[in-house]
Every structure is written in structure tokens, then in C-alpha cells.
Amino acid sequence: MPPILRTVAELRARVSDWKAAGETVGVVPTMGALHEGHLSLARRARATCDRVIVTIFVNPRQFNNPADLEKYPRTEAQDAALLASVGVDAVFAPGPEEVYPRGFATNVSVSGVSEPLEGAHRPGHFDGVATVVAKLFGMTRADRAFFGEKDWQQLMVVQRLVADLNIPVTIEGCATVREADGLALSSRNRRLSAEGRARAPALVRAMQAATEAMRGGQAVPEALAEARAAVLAAGFETVDYLELRTADLLLPMERLEGRGRLLAAATLDGVRLIDNIPV
Ligand SMILES: Nc1ncnc2c1ncn2[C@@H]1O[C@H](COP(=O)(O)OP(=O)(O)OP(=O)(O)O)[C@@H](O)[C@H]1O
Ligand SMILES: CC(C)(CO)[C@@H](O)C(=O)[O-]
Ligand code: BAL
């Protein structure tokens, strides 16, 4: 089993030894409840870095909804066993007081790219993400960091963060891992009922159908409205957004010109699912 480190001091001691030996360090930030999506990031890190740290921290500052924080799955023993199979060098799993000790007073806020989509529906979420990710980079002194494209907007926010603050880490985006029926793997999927799980792929299917329709010449607003209707007809309770945006996410796209990204968030069985595909 990889060692499970609880304190920043223990982490720093190991990283200092590795750096002194000239080794490169990769970090995979997670909130645990690991699945193949996370493991694909850890394997990519394993293949490209001398040392690999996986962090497991359910970051309270990025949860705008207290019930979501409370219900977030926590499966540390199983996570450690999965990470042993990948061969990571350390798991960093601190408690909230270690990350946010008494007197903690800094907030990292990235403007622009954090504002639409998830930012509009989860107030404060990306401040929480940017703050903890900046701290994890400082704590691990990682040379490379691995993030999933499933959280595309998060990936854009983190890229902006490291560019703006001159943080010396290379960000690697990793392709979304999906179930055979197309559903993007997510820790929250395990909260779906059996019936919800069977309906869940309707979200990505509607997005794929909209993409094909737009490529075939259908007007963007019409294709998006049809996709939204298909998601609701499949049994989703709400669609927070289903939008075509420029690849940098800064502007909505009214017409299909150049590269874009289709992104959606929708709730099924009370579980909020997100997904995105290139267009
Ligand atoms: N299906 C996936 N494919 C690739 N990367 C993924 C996938 N799911 C999560 N990741 C990535 O793993 C990292 C940690 O994500 P996180 O722990 O939030 O898991 P999650 O499955 O996205 O959970 P949830 O969305 O339910 O919070 C993020 O960089 C995220 O983008
Ligand atoms: C990057 C992250 C680990 C920060 O808490 C989280 O947002 C996640 O799991 O995607
Ligand atoms: N996967 C992104 C983290 C979150 O939903 O809070």
C-alpha cells in the first residue's frame, strides 16, 4: 500500500528528498471515491513522472450545497487499494484543519472563465477549487498536475490560475473515461438509483445528437432546445445549462464556427451530473 500522509510536514519531507535526488513529481488532485477516471490520471502520471502523489481531500470550500458535502462518498481504504495497483508513491489525505488551519484568510479567485456555467450555478465553487489547488501545488511542489477533461471548466480555471500566478507546474488534461453506454464516470454516479443509472446516458446522447444536428446545419438554438427537451423527457428533473461555447468558454456560440465545446449540467434522482464534448 502507498503511505497515507496526513500532514503537510510529512508530505514536504518526502518531496524534499525526491527533489534533492533530481526526481520529477506528479500530482493527481482528487476528492476520493476513486474510479477508473481517476486511475487513468494516476496511470498517466505514473508513466510520465518519477514520483506520483494522489491527493484525497473533500474540500469544504468548493461545496456551495452543504447536503452535497455531507453526502459526498468517502471510501479511503478502497481508494488506497486501487492506488496500490497503480503503484503511486504517496497518498496525501489531510483533514480540513490541516488544509485550513485557524487564521486561514486567503481566497484565490479567477475571473472570467469561472463565471458562466458551473460558476453561475455553484456560487463560490471555483474560488474554493482555485484556493485548494493553489495550496496543493505549493504543498506538493509538483512539476506536473493531471486533471480530467470531464470537469472541462475546472481544467480551464486551473490553466488560467497557473499562468496568472506563474506557478511552475505543467497542467495535463486527460480524456474523459466513460462507461460502455457513454455515461462519464463520476463519484456522484454511485448515488443514482438503478433506474436513474439506466437513464443517465440520455444526457450525453442528447449532446451527441445536438452536435450532429448542428454539424448537419441545424440552427444552434434549435438544436440545444431539442437536446434540453430530450434530457427532460428521459426523466432528468432539471437542466441547469446545456450550452455551446467557444473553446475558451468565455462566449456563448450562436453559430457553429470554428471549435466549440458543448457543456451540460442536469439533475437526475437529485444527483447533479455534468458532461462536455468537443464540437
Ligand atoms: N470520467 C472521468 N474521466 C477522466 N477524469 C475524470 C473523470 N471523472 C473525474 N475525473 C477527474 O478526476 C479528478 C478528481 O475529480 P473528483 O474527485 O471530483 O471526481 P469526480 O468523479 O469528478 O467526482 P464528482 O464529479 O462526483 O465530484 C478531476 O480532475 C476530474 O476531472
Ligand atoms: C481538483 C479538486 C480535487 C479540487 O478539490 C476537485 O475539484 C476535483 O476533484 O475535481
Ligand atoms: N469534480 C469537481 C468537483 C466538484 O464537483 O466539487
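Below are short exercises on this predicted model, each with a worked solution.

Residues count from 1 along each chain as its sequence is written, while chains are lettered from A and ligands numbered from 1 in the order in which they are written. In this predicted model, local features need pLDDT of at least 70 and side-chain atom pairs count only at pLDDT 80 or more, but totals for chains, interfaces and linings use all residues.

**Exercise 1. The whole protein**

Task: Find how many helices and strands the protein has, then judge how compact it is.

Solution:
- Step 1. Count the elements. The protein has eleven helices and nine strands. Helices (H or I, at least four residues) and strands (E, at least two) are DSSP runs, numbered from the N terminus.
- Step 2. Check the radius of gyration. It is 19 Å, close to the 19 Å that the globule rule gives for 279 residues, so the protein is as compact as a globular protein of that length. The radius is taken over C-alpha atoms, and the rule is 2.2 Å times the number of residues to the power 0.38.
- Step 3. Add the extent. The C-alpha trace spans about 60 × 40 × 40 Å along its principal axes.
- Step 4. Add burial. Of the 279 residues, 37% count as buried. Buried means 20 or more other C-beta atoms within 10 Å of the residue's own, exposed means 12 or fewer, and partly exposed lies in between; C-beta atoms are placed from the backbone.

**Exercise 2. The annotated binding site**

Task: Work out whether the residues under "binding site" are gathered or scattered, and where each one sits.

Solution:
- Step 1. Read the record. The UniProt annotation "binding site" (unreviewed entry) covers Gln62 and Gln154. UniProt positions follow the numbering used here, feature names are shortened, and annotations may be inferred rather than shown by experiment.
- Step 2. Compare sequence and space. The residues span 93 positions in sequence, yet no two of their C-alpha atoms are more than 11.5 Å apart, so they gather at one spot.
- Step 3. Place Gln62. It is in the loop between strand 3 (51-56) and helix 3 (66-71). Gln62 is buried, with 20 other C-beta atoms within 10 Å.
- Step 4. Place Gln154. It belongs to helix 8 (residues 152-164). Gln154 is also buried, with 23 C-beta neighbours inside 10 Å.
- Step 5. List contacts (C-beta atoms, placed from the backbone, within 7 Å). Setting aside residues up to four places away in sequence, Gln62 touches His125, Gly128, Val129 and Val132. On the same terms, Gln154 touches Val129 and Phe147.

**Exercise 3. Ligand 1 and helix 2**

Task: Describe the shell around ligand 1, then look at His38.

Solution:
- Step 1. Find the nearest residues. Of the 18 around ligand 1, Gly37, Gly148, Leu185, Ser187 and Arg188 come nearest. A residue is near if its C-beta atom, placed from the backbone, lies within 6 Å.
- Step 2. Name the elements. Helix 2 (36-48) and strand 5 (144-148) each give two or more residues to this shell. Helix 2 gives the most, with four.
- Step 3. Sort by class. The shell has seven nonpolar, eight polar and three charged residues. Ala, Val, Leu, Ile, Met, Phe, Trp, Tyr, Cys and Pro count as nonpolar, Asp, Glu, Lys and Arg as charged, and the others, Gly among them, as polar.
- Step 4. Turn to His38. UniProt places "active site" (unreviewed entry) there. His38 is in helix 2. His38 is buried, with 27 other C-beta atoms within 10 Å.

Definitions and conventions. Two residues are in contact if their C-beta atoms, placed from the backbone, lie within 7 Å.
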